[in-house]
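Student: I have a structure open in front of me and would like to learn how to read it. Could we go through it one feature at a time?

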Amino acid sequence: MKHLAKYLTSAPIMATAALVSLSVVLIELNHIFPGLQYGTYFRSLP
Amino acid sequence: MRKVFSILLAGLLWISVASPAIAASEAYADTHLVPCASSPAFNERMQNAPDNYYFNTPYQSYAANLLCGADGLPHLQLRFDKALDVIIPFGLFFYVAGFIGWSGRAYLIGSNRIAKPEEAEIFIDIVLAIKAFTQGLLWPLLAVKELTTSELTAPPSEVSVSPR
């Protein structure tokens with residue numbers, strides 16, 4: 001268990017976890033605000 | 001100095017008062033751009049686009065809010081009333097870039113204080129990392145604080161100068 005915890009905190013595993021969580025955030029942002037771009041922030045979607 | 005500020009303030013006030021006065025039709029009178037909803041090329045693109053959420057919502061939004069060129073694609077106009085649309089993404093980018101940099105720096109500074117600094121770079125010390133992320137979230141405040149207490153910069157005596 002101790003070795004598994006240490007393995008999970010190794011840099012490549014943590015980097016992969018960070019990448020996956022960032023991807024989830026970006027995919028969800030695109031889902032909630034599709035086509036978000038300059039000029040459309042302050043106008044409500046029709 | 002006071003005179004410069006008063007001129008600057010007058011300019012800013014003029015811009016903020018003058019820009020709403022520009023009627024919607026006049027706002028793009030000086031360009032070849034037209035509202036996307038009335039652009040035939042844009043409407044053709046909209047009709048040919050796949051019929052799903054990820055295409056419909058953006059196209060409706062672009063049709064309502066943006067100006068399109070002859071290619072039927074939305075184009076940005078450099079206008080003061082659209083300035084926030086540029087400032088917000090830039091501000092977000094700047095904050096996120098600072099967050100990444102500051103957390104990394106805080107983690108390295110913190111790891112130098114523990115017994116095996118090299119090991120902390122291979123096996124991430126979660127407690128230290130969370131502390132570093134918390135500091136990273138407050139980076140604009142911490143940067144100002146460290147700049148005023150001259151922790152952020154090296155003293156001139158430590159900066160080597162090549163012989164002249």
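Tutor: Let us begin with a single side chain, keeping in mind that this is a predicted model. B:K116 counts as exposed, because its relative accessibility is 51% and the cut-off for exposed is over 50%.

Student: Which residue does the side chain of B:K116 meet in a salt bridge?

Tutor: The general idea is that side chains of opposite charge can pair when their charged atoms come close. Here the partner of B:K116 is B:E119, with 3.7 Å from N to O, and B:E119 is partly exposed, with a relative accessible area of 29%.

Student: How many salt bridges does the structure hold over all chains?

Tutor: There are four over all chains, and one of them is formed by A:K6 with B:E119, whose closest N and O atoms are 2.8 Å apart. Because A:K6 lies in helix α1 (residues 2-8) of chain A, while B:E119 lies in helix α6 (residues 117-122) of chain B, this pair joins two chains. A:K6 itself counts as partly exposed, at 36% relative accessibility. Another salt bridge links B:K145 with B:E151, the closest N and O atoms being 3.8 Å apart; B:K145 is partly exposed with a relative accessible area of 41%, and B:E151 counts as partly exposed at 46%.

Student: Which residues are joined into one network by salt bridges that share partners?

Tutor: That network consists of A:K6, B:K116 and B:E119.

Student: Let us turn from charged side chains to nonpolar ones. Which residues make up the largest nonpolar core?

Tutor: In soluble globular proteins, nonpolar side chains tend to be buried together. In this structure the largest nonpolar core has eight residues in all, namely B:C36, B:F42, B:A49, B:Y59, B:Y62, B:A63, B:L66 and B:C68. Helix α4 (residues 53-65) of chain B gives the most to this core, with three residues. To see how one member is placed, look at B:F42, which, if residues up to four places away in sequence are not counted, touches B:C36, B:Y59, B:Y62, B:A63, B:C68 and B:G72. There is also a second, separate core of six residues, among them B:A106, B:Y107, B:A120 and B:A129.

Student: In what order do the three strands of the open sheet in chain B lie?

Tutor: When reading a sheet, one asks for the order of its strands and the sense of their pairing. The order in chain B is β1-β2-β3, and the pairing is antiparallel. The edge strands, each of which pairs on one side only, are β1 (34-35) and β3. Between β1(B) and β2(B) the antiparallel pairing runs over two bridges, and B:P35 stands opposite B:L67 in β2(B).

Student: Is B:G69 buried or exposed?

Tutor: B:G69 counts as buried, because its relative accessibility is 6%, and buried means under 20%. This glycine is found in the loop between β2 (67-68) and β3 (74-75) of chain B. The C-alpha atoms of B:G69 and B:V34 are separated by 6.6 Å, although the two are 35 residues apart along the chain. Leaving aside neighbours within four places in sequence, B:G69 is in contact with B:L33, B:S39 and B:H75.

Student: Where is B:S103 found?

Tutor: B:S103 is found in helix α5 (residues 83-111) of chain B and counts as buried, at 4% relative accessibility. Beyond its neighbours within four places in sequence, B:S103 is in contact with B:A132, B:F133 and B:G136.

Notes:
Residues are numbered from 1 along each chain as its sequence is written. Chains are lettered from A and ligands numbered from 1 in the order in which they are written. This is a predicted model: local features need pLDDT of at least 70, side-chain atom pairs count only at pLDDT 80 or more; totals for chains, interfaces and linings use all residues. Side-chain values use heavy atoms; hydrogens and water are left out. Helices (H or I, at least four residues) and strands (E, at least two) are DSSP runs, numbered from the N terminus. Buried means under 20% relative accessible area, exposed over 50%, partly exposed in between (1.4 Å probe, protein chains only). Contact means heavy atoms within 4.5 Å. Two strands pair if DSSP finds at least two bridges between them. A nonpolar core is a set of buried Ala, Val, Leu, Ile, Met, Phe, Trp, Tyr and Cys residues joined through side-chain atoms within 4.5 Å.
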